Amino acid sequence: ENWKVYFPKLERAEIMLAVLTPAFYTSENCLNEIAAARSHGLTILPLLFELTDDGEAPWSRGAWQAVFEQLESTGDDGALESMKATKKALGRLNSEPSPPGTMLEQSELLDKLLKTVVGILSA
């Protein structure tokens, strides 16, 4: 529950760096954070940091399926549709880098990321 302390800070933020890993795509907390960032109008920059054990993109394995199943079982259709819309919006963004590379393998991308962030904040 400590992660919720960051929600009020979203009001002051302009950018969210989403660190994409297999664990990210199973975490209800991460999904909630992305949904909150979207609702506050933040620019979301998805950064691919880790592939699955068999070298695939982490979103290729039923992203947040357990979260969606839980929401379906509670009958909270509004929350379910909101979370599905968040997943779809994140899916439309291009990760940096594209698979099969990861940020950890391509350190030159950190310079590109820094320029992107500075450009967004300067606008």
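A nonpolar core, as the term is used on this tour, is a set of buried Ala, Val, Leu, Ile, Met, Phe, Trp, Tyr and Cys residues joined through side-chain atoms within 4.5 Å. The structure in the viewer is a predicted model, and in it the largest such core has 24 residues, those with the most contacts inside it being Met16, Phe24, Tyr25, Ile44 and Trp64.

**The whole chain**

Before selecting any residue, show the chain as a cartoon and follow it from the N terminus: there are 4 helices and 2 strands, and read along the sequence they give the pattern β-α-β-α-α-α. The radius of gyration is 15 Å, close to the 14 Å that the globule rule gives for 123 residues, so the chain is as compact as a globular protein of that length. Turned along its principal axes, the C-alpha trace fills a box of roughly 45 × 40 × 25 Å. Of the contacts in the chain with a separation of 6 or more, 74% are between residues 24 or more positions apart. If you switch on a surface, about 7,600 Å² is exposed, with carbon and sulfur atoms supplying 51% of it, while buried residues make up 36% of the chain.

**The largest core**

Now select Met16, Phe24, Tyr25, Ile44 and Trp64, the residues with the most contacts inside the core of 24 residues. Colouring by element of secondary structure is useful here, since β1 (15-20), α1 (28-39), β2 (43-48), α2 (65-74) and α3 each supply at least two residues of this core, and α1 gives the most, with 6 residues. In soluble globular proteins, nonpolar side chains tend to be buried together.

Centre the view on Phe24 and display its surroundings: leaving aside neighbours within four places in sequence, Phe24 is in contact with Ala18, Val19, Cys30, Ile34, Trp64 and Leu90. A second, separate core of 7 residues can be picked out next, and it includes Leu47, Leu109, Leu113 and Val117.

**Helix α1 and its ends**

Select α1 next, and begin at its N-terminal end, where Ser27 acts as a cap, with a side-chain oxygen 3.3 Å from the backbone nitrogen of Asn29. The end C-alpha atoms of α1 are 16 Å apart, which agrees with the 16 Å that its 12 residues should span at 1.5 Å a residue. Which residues of α1 are buried? They are Cys30, Leu31, Ile34, Ala35, Ala36 and Ala37, and the buried residues of this helix pack against β1, β2, α2 and α3. Just after α1, stop at Gly41, which takes a positive phi of about 75°.

**Helix α3**

Move on to α3 (77-92), whose buried residues are Leu80, Met83, Thr86, Ala89 and Leu90. An α-helix has 3.6 residues a turn, so residues three or four places apart point the same way. The buried residues of α3 pack against α1, β2 and α2. A distance drawn between the end C-alpha atoms of α3 comes to 23 Å, in agreement with the 22 Å that its 16 residues should span at 1.5 Å a residue.

**Three loop positions**

Begin with Pro22, in the loop between β1 and α1. With a relative accessible area of 26%, Pro22 is partly exposed, and, residues up to four places away in sequence not counted, it touches Glu50, Leu51, Thr52 and Pro58. Add Ala57 to the selection as well: its C-alpha atom and that of Pro22 are separated by 8.1 Å, although the two residues are 35 residues apart along the chain.

From Pro22, step across to Thr52, in the loop between β2 and α2. Is Thr52 buried or exposed? Its relative accessible area is 10%, and Thr52 is therefore buried, the cut-off for that term being under 20%. A polar contact of 2.4 Å joins the side chains of Thr52 and Asp54. Apart from residues up to four places away in sequence, Thr52 touches Pro22, Ala57, Pro58 and Arg61.

Finish at Ser95, in the loop between α3 and α4 (108-122). Ser95 is buried too, with a relative accessible area of 11%, and a polar atom of its side chain lies 2.9 Å from the backbone oxygen of Pro97. Once residues up to four places away in sequence are set aside, Ser95 touches Leu20, Pro46, Leu48 and Trp59.

How values were computed:
Residues numbered from 1 in each chain as written. Predicted model: local features only at pLDDT ≥ 70, side-chain atom pairs only at ≥ 80, totals over all residues. Heavy atoms only, no water. Buried < 20%, exposed > 50% of the residue type's maximum accessible area, 1.4 Å probe, protein only. Polar contact = N/O pair within 3.5 Å; in protein donor to acceptor, adjacent residues only side chain to side chain. Contact = heavy atoms within 4.5 Å. Expected span 1.5 Å × (residues − 1). Rg over C-alpha atoms; globule rule 2.2 N^0.38 Å. Areas by Shrake-Rupley, 256 points an atom, 1.4 Å probe, with all protein chains shown as cover.
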